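Biologist: Please take a close look at the salt bridges in this model, and then describe the parts around them. I would like the cut-offs as you go.

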Amino acid sequence: MDLDESFSSESSVDSDEELQEAFAAGKLRPGLNLELPASSKTINNTAGLNQTLLTIKKNLPWLERLDVTSKPATTHKDLISQSETDVHDDFKRELRFYCQAQATVLEAIPRLHSMSIPTKRPEDFFAQMAKSDDHMKRVREKLVEKQTAIERSEKAKKLRELRKYGKKVQIEVIQKRQKEKKEMLDAVKKYRKGQKDKLDFLENLPGEKKNSQNKKSADNLRPNKKREFKNKKFGFGGQKKRSKMNTKSSALDMSEFNPNINQKKPGKTGKGKPKPGNKNKRPGKARRQKAKSRKK
Amino acid sequence: KDQLFVINEMCEMRNCSKCIYLEAKKKQDLYMWLSNVPRGPSAKFLVENLHTMSELKMTGNCLKGSRPLLSFDQEFDKEAHWSLIKELLIQTFSTPNHHPKSQPFFDHVYTFSIADNRIWFRNYQILEEDGSLAEIGPRFVLNPIRIFEGSFGGPTLFQNPHYVSPNDLRHLMRKRGAQKYMSRIQAKKSLEMRRGQPSYETDPTDDVFVTIRPEDAEEDS
């Protein structure tokens, strides 16, 4: 069979790696036969090349040509020796090109300066640029978009972390409260059973704080004044129809009367002279900063 | 092929000494000719990995018409064909001093490097004099095909042995699918041949009444 013959012949001659290399070099033709490079395929007329090079070579001063041959400048620790850089490693390859360009710049600019030629474009020199302003605007927008995307993702990450932390704190607080409740009940039970005659556990209650610090009092839970006024005026669709009736009770109603609006002299509103003791009510800058950082 | 000689005449009419001719074939492959027009050498390249200036990742910008600095890899001096190509590139891409259409300051640099037997081109804007750069312009890779002694023709001075034409590449890619069936059949055949003959005859019914002791069974699991 055909397959038998072809298989046995090539298994005895070529190894797998050679075949793979040949395929990569593009020498393989269908049928897995290795095509030998024909002698006519490579023409390298070195003498002819050198001859033509001499004929076309123009020995112009450097200023006309501005060419620099350089090897990559920086001893970047990513940049290993040239022979090791693989073409397919994009980052290293581009880095090598960048360093080569840098080396050229570092060589050419001082040379131009030594010939007293200005190299840097002054700020007020306006001329047509290779890319239009419109294009550059789009480039900038793209960059800004990328920045904001990064920032947004950072914020989201932080928020997630914060939520986890907050959840942990919440769990701790709940557990602490449960523990205290349990202790209180135990103490009460002991007292009832006569083991303890003193009522000291009632004195040092942990919940006793000043009222102003207890933020969740009923007063604070009401909506603010603006909201209340709007609710009264516009709540339930307005209620304009029955709001003003000239009845005895509405005529006697003095709740909407405020003498301070039109009956007092102007300039009487306001705090008046601040007393010298008032400054102490507001904590100073350092105290406020400390409280702020503690709250966070 | 005869159309290429027309380019010589056109250049003579316009008084040009160098010519870059880009031709696209099959709307897929781009070839670039770089030629010294009167009777000098010319080189044909295949352009690969082309990225134009309008890509938004290229953030640099430069004066239109400012003279470029040219940067060459050291590999260009090692072989005769690279040296010839280098001289052609220098003469083509460098702008003469005080050319009427050129701008005075130096703000961009062209980089030509050799990797994998190809020439890699990059165009960078010089942001700071101490060496920080931003990429501006197009980037492409030139794969040299041939170098001719004349302009757009003439005897071949150099033919690149590593060059595979894009048609051949596509051909090989297509054939690879066809190879799958053949290689599978051959793999099966090779397994059969490698398996060898059984060394002695065994009766499959010998295993039927073999009992494994519990200790041995546990060892296996």
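Modeller: A salt bridge here is a side-chain nitrogen of Lys or Arg within 4 Å of a carboxyl oxygen of Asp or Glu. By that criterion the structure holds 17 salt bridges over all chains. This is a predicted model, in which local features need pLDDT of at least 70 and side-chain atom pairs count only at pLDDT 80 or more, while totals for chains, interfaces and linings use all residues. Residues are numbered from 1 along each chain as its sequence is written, chains are lettered from A and ligands numbered from 1 in the order in which they are written, and side-chain values use heavy atoms, with hydrogens and water left out.

As for confidence, the predictor gives the complex an ipTM of 0.80 and a pTM of 0.62. Chain B has a mean pLDDT (the predictor's confidence in each residue, from 0 to 100) of 89, and 98% of its residues reach 70 or more.

One of the salt bridges is between A:Glu94 and B:Arg122, whose closest N and O atoms are 2.7 Å apart. A:Glu94 belongs to helix H5 (residues 90–114) of chain A and B:Arg122 to strand S6 (residues 118–126) of chain B, so this pair joins two chains. Helices (H or I, at least four residues) and strands (E, at least two) are DSSP runs, numbered from the N terminus. Both A:Glu94 and B:Arg122 are buried; buried means under 20% relative accessible area, exposed over 50%, and partly exposed in between, with a 1.4 Å probe and protein chains only.

Within chain B, B:Glu135 and B:Arg139 form a salt bridge with closest N and O atoms 2.9 Å apart, and these two residues are also buried. A network of salt bridges links A:Asp90, A:Arg93, A:Glu94, B:Arg122, B:Glu135 and B:Arg139.

Another pair has a more open setting only in part: A:Glu154 is partly exposed, at 41% relative accessible area, and A:Lys157 is partly exposed too, at 46%. Their side chains meet in a salt bridge of 3.8 Å, N to O. The two residues are three apart in helix H6 (residues 133–192) of chain A, and therefore about one helical turn separates them. An α-helix has 3.6 residues a turn, so residues three or four places apart point the same way.

Chain A also meets chain B at helix H3 (residues 46–56) of chain A, whose buried residues are A:Gly48, A:Leu49, A:Thr52, A:Leu53 and A:Ile56. These lie on the same side of H3(A) because they cover an arc of only 140° around the axis, the arc being that of the directions from the helix axis to the C-beta atoms. The face turned away carries the exposed residues A:Ala47, A:Gln51, A:Leu54 and A:Thr55. The cover over the buried residues of H3(A) includes strand S2 (29–36), helix H2 (80–93), strand S8 (139–150) and strand S9 (153–159) of chain B; contact means heavy atoms within 4.5 Å.

Of these covering elements, S2(B) pairs with strand S1 (residues 18–25) of chain B in the antiparallel sense over eight bridges. Two strands pair if DSSP finds at least two bridges between them. B:Ile20 stands opposite B:Leu34 in S2(B). The hairpin of S1(B) and S2(B) has three residues between the strands, and in it B:Lys26 takes a positive phi near 60°.
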